[in-house]
Amino acid sequence: MQVISKWRLFNFHLFSVVPQFTKLPQIPISQYPNPKKTHLYINASASRTFKSSSEASILAKKVLFMPPGVEPKDITEDMILPGSNIVVGPYAGDAKIKEVEFVKSSNKPKDCPKDERPEFAMLGRSNVGKSSLINSLVKKKEVALTSKKPGKTQLINHFLVNKSWYIVDLPGYGFANASDAARMDWSSFTKGYFLNRDTLVSVLLLIDASVPPQKIDLDCANWLGRNKIPITFVFTKCDKMKGGKAKRPDQNIRDFHQLIRENYKHQPPWIMTSSVSGLGRDELLLHMSQLRNYWNNE
């Protein structure tokens, strides 16, 4: 039986099975020599309070992720997290990670902790930098094991943060070089976790921004959307600037948005990160805090 979480009820409207053909405003991302100073520019009207509620409402619905408690007419540029489309609202709170501990590994969703604490699930293609991001968020090395071998994570791993909420490290998908014995049955294993975990606040779907959009990532995002699973796109490796004719991370991110909006009525929250430079770390934690606090207060 599928369980619908509290936060899922708030986010169900973000996805539409019917393709949306409305053209959204382009979202240019300016990159500076210091990646920590990356900023997002929506358009000229974002630098001030919007002239009218209709102007704000149109932009907000098409481009921005508005958390509960925020009115479109009240949005100003300083409310938007740098390198993202995420508006900070009244539920944002203490985002510091003071302690983290490994709790358990589960090979079945039914074996996961049952203490009703809220949790964020980290999901992504193998080698997307999932373990590196977790280690960056908690500022501890090897909290989540990093490996050059695809598919190293093959269990549902729960890490307790500040004794109040969980980071969940899920098996990666798409590791073509893994043996048949090691290959995960993602459909029955990970999907079972998503559909039956009522403490799930949001899935953080990691997307490698150093490469063009991958079909497997788009398929995963669309499956989550169809099943009304709340999602945040976390673009990793945004510090990598490949030579030659390869596109820059900001161009790959823009291409991803162009493709994903065919199935999403409004863009889900997204943010740029780098485990190397620390880009987006504090902003992502702040975003997680407002989702978590809303979940706790409902």
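A residue counts as buried when its relative accessible area is under 20%. The exercises below use a predicted model.

**Exercise 1.** Decide whether Phe120 is buried or exposed, and state where Phe120 is found.

*Solution.* Start with the location: Phe120 belongs to strand β4, residues 119-124. Next, take the relative accessible area of Phe120, which is 0%. The cut-off for buried is under 20%, so Phe120 is buried.

**Exercise 2.** Find which residues Phe120 is in contact with, leaving aside neighbours within four places in sequence.

*Solution.* Contact requires heavy atoms within 4.5 Å. The residues that Phe120 touches include Trp165, Tyr166, Ile167 and Val168. Val201, Ser202 and Leu204 are also among them, as are Met288, Leu291 and Arg292. For Val168, add the backbone: its C-alpha atom is 5.9 Å from that of Phe120, although 48 residues separate the two along the chain.

**Exercise 3.** Classify the ring pair of Phe233 and Tyr264, then place both residues in the chain.

*Solution.* Ring centres must lie within 6.5 Å to pair, and planes over 60 degrees apart count as edge-to-face. By this rule there are nine aromatic pairs. For Phe233 and Tyr264 the centres are 6.4 Å apart and the planes stand at 75°, so this pair is edge-to-face. Phe233 lies in strand β8 (residues 231-236), while Tyr264 lies in the loop between α6 (249-260) and β9 (270-272); the pair thus links distant parts of the chain, 31 residues apart.

Now check accessibility. Phe233 is buried at 0% relative accessible area, and Tyr264 is buried at 4%.

Finally, look at the surroundings: ring pairs join Phe233 and Tyr264 with Phe235, Phe256 and Trp270 in a cluster.

Notes:
Residues numbered from 1 in each chain as written. Predicted model: local features only at pLDDT ≥ 70, side-chain atom pairs only at ≥ 80, totals over all residues. Heavy atoms only, no water. Phe/Tyr/Trp six-rings, centres within 6.5 Å; stacked < 30°, edge-to-face > 60°. Helix = DSSP H or I, 4+ residues; strand = E, 2+ residues; numbered from the N terminus. Buried < 20%, exposed > 50% of the residue type's maximum accessible area, 1.4 Å probe, protein only.
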